[in-house]
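Please open the model in your viewer and keep the selection panel at hand, since this tour moves from one selection to the next.

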Amino acid sequence: MTAPLVDLSIHHQPKGLSDRVAFGFTKLLRFCADTFFAKRYGHRAVVLETVAAVPGMVGATINHLSCLRRMCDDKGWIKTLMDEAENERMHLMTFIEISKPTLFERFVIVSVQWVFYLFFFALYLVSSKTAHRVVGYFEEEAVISYTHYLAEIDEGRSPNVAAPEIAKRYWGLPDEATLRDVVLVVRADEAHHRDVNHGYANELGGLPIQAVAPCPPHAALEPTWKAAA
Ligand SMILES: [Fe+2]
Ligand SMILES: [Fe+2]
């Protein structure tokens, strides 16, 4: 299969206080993640994907409620953000097949979810522009981390195991697909989220909107009542 191309050079240069806060916050969390996980990329993916799936759902909820109150159109934001949350959850469901979190990591996941959900919800209410910029920067870091993960695989430090079944179904990967193929499509997803969220922050800040990296095709998730029919 042809690997999805990702422009690794994309970086939104912080402009103004809101961007600087978003960028500083992201770099602080990056430092914490690098210290905690070092080169354990599988574990890093599992823990961080449990966090990455939060902002889309928060943004979707707040925009949904706001559109109901104002009785206005959402310009497709709600569906886009819910798709992002689902996509991040599928990253989690994929990497959980590769690395199982330790007991301590499970504790971190539960504690961080409380703090991060409440923090991000409050941030989105105060400044949705800053909140989308934070996600844009998180996704820039995700693209970098998955690029490092690819290098680990290519240089033989992480085994290039067979792709999990769930990943083959979701991204429509061939039977012989490997972890490397999975990391490539996940990275392309992250580049898409990066551009969408920087685009939303730009739109809210009155800045021009840049091109958005295409995301790889995803299979629609079938509800169990349909699958059983
Ligand atoms: Fe992700
Ligand atoms: Fe992401």
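Does His193 count as buried or exposed, and how many C-beta neighbours does it have inside 10 Å? Select His193, in helix H7 (helices are DSSP runs of H or I, at least four residues, numbered from the N terminus): it counts as buried because it has 28 C-beta neighbours inside 10 Å, where buried takes 20 or more other C-beta atoms within 10 Å of a residue's own, these atoms being placed from the backbone. This is a predicted model, in which local features need pLDDT of at least 70 and side-chain atom pairs count only at pLDDT 80 or more, while totals for chains, interfaces and linings use all residues. Residues are numbered from 1 along each chain as its sequence is written, and chains are lettered from A and ligands numbered from 1 in the order in which they are written.

Next, show the contacts of His193 (C-beta atoms within 7 Å): leaving aside residues up to four places away in sequence, it touches Glu84, Val135 and Glu139.

Now add Glu88 and Glu190, since an unreviewed UniProt entry lists Glu88, Glu139, Glu190 and His193 under "binding site", an annotation that may be inferred rather than shown by experiment. They span 106 residues in sequence, yet no two of their C-alpha atoms are more than 11.1 Å apart, so they gather at one spot. Glu88, in helix H3, is also buried, with 25 C-beta neighbours inside 10 Å.

Finally, select Ala167, which, not counting residues up to four places away in sequence, touches Thr94, Leu173 and Val182.

Notes. Contact = placed C-beta atoms within 7 Å. Helix = DSSP H or I, 4+ residues; strand = E, 2+ residues; numbered from the N terminus. Buried ≥ 20, exposed ≤ 12 C-beta atoms within 10 Å, placed from the backbone.
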